[in-house]
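User: I have a chain open on the bench screen and would like to go through it with you. Can we start with the cysteines?

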Amino acid sequence: MILFKRVLTLLSLVIACPPMQAAQPSRIVAVGDFDYVNVGQSGYCGERSEVPSTEWKNILVRGDEQVWFRMKSVIHSTSFTTTCEGDYSFVPAAGKAYIIRFLLDARVCRFELFRVVPNSDPVREPLTRAEPQSCLFH
């Protein structure tokens, strides 16, 4: 009888507590003269996917989890060629939208992150440059 009561108590708790739902996805838009963008959420050395340029305006990631990017842009001018690339990460809030922008300013490469704010200007957010790591043994 005691076991039956414990099972009923446990069952009532399971019924009373709805299952945890996954966080809403976050949307990221990559703007600028990129040659490629890849994205992953399984650590620096974890699996990443190259995002086709047709999807740079609608990159969906899991919200509230760190996301890693590798971005590259090669700029050709009549007087110089500059390659800008790097690994970056941030934690997007669930259900929010972000803009990652690439600029070449006086031959200085800049990758910037902004959070979209409805009916207002985007707000600059920190974008962390990830130090290169060897992923051979991961």
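Analyst: Cys84 and Cys109 form a disulfide, with their sulfur atoms 1.8 Å apart. Bear in mind that this is a predicted model.

User: What handedness does the link of Cys84 and Cys109 have?

Analyst: The link is left-handed, with -60 degrees about the S-S bond.

User: And which strands do Cys84 and Cys109 lie in?

Analyst: Cys84 is in strand β6 and Cys109 is in strand β8, so the disulfide ties together parts that are 25 residues apart in sequence.

User: Is Cys84 buried or exposed?

Analyst: Cys84 is buried, at a relative accessible area of 1%. Its partner Cys109 counts as partly exposed, at 31% relative accessibility.

User: How many disulfides does the count come to?

Analyst: The count comes to two disulfides. Besides the link just described, a disulfide joins Cys45 to Cys135, with an S to S distance of 1.9 Å. Cys45 lies in the loop between β2 and β3, and Cys135 in the segment after β10, so this pair ties together parts that are 90 residues apart in sequence.

User: What is the torsion about the S-S bond of Cys45 and Cys135?

Analyst: The torsion is about -70 degrees, so that disulfide is left-handed. As for accessibility, Cys45 is partly exposed at 21%, and Cys135 is partly exposed at 29%.

User: What is the pairing if I number the bonded cysteines in sequence order?

Analyst: The pairing is 1-4, 2-3.

User: OK, on to the sheets. What is the strand order in the sheet that holds β6?

Analyst: The order is β3-β2-β5-β6-β10, an open sheet of five strands with antiparallel pairing. The edges are β3 (49–50) and β10 (128–129); each has a single partner strand, so one side of each is left without a neighbour in the sheet.

User: How many bridges pair β5 and β6?

Analyst: There are 10 bridges between β5 and β6, in the antiparallel sense. One of the residue pairs is Val74 with its bridge partner Thr83 in β6.

User: I was also curious about Ser89. Where is Ser89 found?

Analyst: Ser89 is found in strand β6. Ser89 is buried, with a relative accessible area of 4%.

User: What does the Ser89 side chain make a polar contact with?

Analyst: The partner is the side chain of Gln66, at 2.9 Å. Leaving out residues up to four places away in sequence, Ser89 touches Gln66, Val67, Trp68, Leu127 and Thr128.

User: Now the sheet with β8. What is the strand order there?

Analyst: That open sheet of five strands runs β4-β1-β7-β8-β9, with mixed pairing. Its edge strands are β4 and β9 (123–125), each pairing on one side only. On average, neighbouring strands of this sheet are turned by 35 degrees against each other, direction ignored.

User: Which way do β1 and β4 run, parallel or antiparallel?

Analyst: They run antiparallel, with four bridges joining β1 (residues 25–31) to β4 (residues 59–62). Arg27 stands opposite Leu60 in β4.

User: And in what sense do β1 and β7 pair?

Analyst: β1 pairs with β7 (residues 97–105) in the parallel sense, over five bridges. The bridge partner of Val31 in β7 is Arg101.

User: Last topic, the packing. Which residues of the largest nonpolar core touch the most other members?

Analyst: Those are Phe34, Val37, Phe69 and Phe90, out of the 22 residues in that core. The strands β1, β2 (36–40), β4, β5 (67–76), β6 (81–90), β7 and β8 (108–115) each supply at least two residues of the core.

User: Which strand gives the largest share of this core?

Analyst: β5 does, with four residues.

User: Take Val37, then. What does Val37 touch?

Analyst: Not counting residues up to four places away in sequence, Val37 touches Ala30, Ser49, Glu50, Val51, Trp56, Ile59, Phe69, Arg70 and Met71. Phe69 in that list is, like Val37, among the core residues that touch the most other members.

User: Any general point to keep in mind when I look at side chains on the strands?

Analyst: In a regular strand, side chains alternate between the two faces of the sheet.

Methods
Residues are numbered from 1 along each chain as its sequence is written. This is a predicted model: local features need pLDDT of at least 70, side-chain atom pairs count only at pLDDT 80 or more; totals for chains, interfaces and linings use all residues. Side-chain values use heavy atoms; hydrogens and water are left out. Two strands pair if DSSP finds at least two bridges between them. Axes are lines fitted to C-alpha atoms, for helices over the stretch in contact, and angles run from 0 to 180 degrees between N-to-C directions. A nonpolar core is a set of buried Ala, Val, Leu, Ile, Met, Phe, Trp, Tyr and Cys residues joined through side-chain atoms within 4.5 Å. Buried means under 20% relative accessible area, exposed over 50%, partly exposed in between (1.4 Å probe, protein chains only). Contact means heavy atoms within 4.5 Å. A disulfide is a pair of cysteine sulfur atoms within 2.5 Å. A polar contact is a pair of N or O atoms within 3.5 Å; within protein, one must be able to donate a hydrogen and the other to accept it, and residues adjacent in sequence count only if both atoms are side-chain atoms.
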